[in-house]
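Biologist: Please choose one part of this model and take me through it slowly, beginning with the part itself and then working outwards to what surrounds it. I am new to reading structures, so please connect each step to the one before.

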Amino acid sequence: MKLATLDTGGMGHAAALTEDGELIDLVASELANDVPESVQRILGNDAAMGAVARALEALDGLSDGAKEDLRAAGELVKLEDADLLAPVPRPNMILSVGLNYHRHIG
C-alpha cells in the first residue's frame with residue numbers, strides 16, 4: 001500500500017495509490033470510512049491501515065461510471081495530475097547519521 005498527502009490548499013488530505021495509478025482522497029471519499037485525515041495518523045495504526053485497504057477494495061468494485069463520478073468530484077486523481085505534499089508534512093522525528101556527511105568524519 002502506497003500513501004501520499006494531497007495538497008488541498010489547507011492541511012492536506014491522506015490519499016492512497018490505486019493499482020490504476022490514481023490517488024483516492026481518503027478524507028473526501030465516502031469509501032474511506034474511519035480513515036484518519038493524515039498519513040502520519042494512518043502509519044502504525046492497524047485499524048486505520050485496514051480501513052484504507054477496505055477503501056481500496058471498495059474502489060476496485062465500483063463500475064467505470066462510478067469511478068468517473070469520483071474523478072469529476074475530485075476524489076480520484078491521476079498521480080501525474082495530483083498536487084502532492086511531503087507524505088508526512090510534520091514528522092515527529094527526523095533521523096540523521098553523521099557518517100553520511102564525510103566532512104564531519106575525523
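**A close look at strand 3**

Modeller: Strand 3 is covered on both of its faces, for Glu 22 and Ile 24 on one side are buried, and so are Leu 23 and Asp 25 on the other. What you are looking at is a predicted model, and every value I give comes from a computation on that model. The arrangement of these four residues follows a general rule, because in a regular strand the side chains alternate between the two faces of the sheet. As you trace strand 3 from residue 22 to residue 25, you can therefore expect to step from one face to the other, since side chains in a regular strand alternate in this way.

Let us now ask what lies beside strand 3 within the sheet. Strand 2 and strand 3 pair in the antiparallel sense, and three bridges join them. Two of the residue pairs are easy to find in the picture: Ala 16 has Ile 24 as its bridge partner in strand 3, and Leu 17 has Leu 23. The chain passes from strand 2 to strand 3 through a hairpin with four residues between the strands, where Gly 21 takes a positive phi near 80°. Strand 2 itself, residues 13–17, is mostly covered, with four of its five residues buried.

On its other pairing, strand 3 is joined to strand 4 by three bridges, and these two strands also run antiparallel. Here Ile 24 appears again, for it stands opposite Leu 76 in strand 4. Ile 24 is thus a useful residue to hold in view, as it is the bridge partner of Ala 16 and also faces Leu 76 of strand 4.

With these neighbours in place, we can put strand 3 into the whole sheet. Five strands form an open sheet, in the order 4-3-2-1-5, with antiparallel pairing. At the edges are strand 4 (76–78) and strand 5 (84–85), each of which pairs on one side only. Continuing from strand 2 away from strand 3, we come to strand 1 (residues 3–6), which pairs with strand 2 in the antiparallel sense over four bridges. In that pairing Leu 6 stands opposite His 13 of strand 2, and the two strands form a hairpin with six residues between them, where Gly 9 in the turn has a positive phi of about 85°. Strand 1 in turn pairs with strand 5, again in the antiparallel sense, over two bridges, and Thr 5 has Leu 85 as its bridge partner there.

The order in the sheet should be read beside the order along the chain, where the elements run β-β-β-α-α-α-β-β from the N terminus on. In total the protein has three helices and five strands. When the chain leaves strand 3, it enters a loop that leads to helix 1 (39–42), and Asp 34 lies in this loop. Asp 34 has a positive phi of about 65° although it is not a glycine. Asp 34 also counts as exposed, because its relative accessibility is 69%.

Further along comes helix 2 (residues 46–60), which holds Ala 55. Ala 55 counts as buried because its relative accessible area is 0%, and buried means under 20%. Leaving aside neighbours within four places in sequence, Ala 55 is in contact with Leu 26, Leu 31 and Ala 32. Ala 55 also takes us back to the sheet: 39 residues separate it from Ala 16 in sequence, yet the two C-alpha atoms are 9.1 Å apart in space, and Ala 16 is the residue whose bridge partner in strand 3 is Ile 24.

Finally, step back to the protein as a whole. Of its 106 residues, 30% count as buried. Its radius of gyration is 17 Å, whereas a compact globule of 106 residues would have one near 13 Å, and its C-alpha atoms fill a box of roughly 65 × 30 × 25 Å along the principal axes. Among contacts between residues at least 6 apart in sequence, 54% join residues at least 24 apart.

Methods: Residues are numbered from 1 along each chain as its sequence is written. This is a predicted model: local features need pLDDT of at least 70, side-chain atom pairs count only at pLDDT 80 or more; totals for chains, interfaces and linings use all residues. Side-chain values use heavy atoms; hydrogens and water are left out. The radius of gyration is taken over C-alpha atoms; the globule rule is 2.2 Å times the number of residues to the power 0.38. Buried means under 20% relative accessible area, exposed over 50%, partly exposed in between (1.4 Å probe, protein chains only). Contact means heavy atoms within 4.5 Å. Two strands pair if DSSP finds at least two bridges between them.
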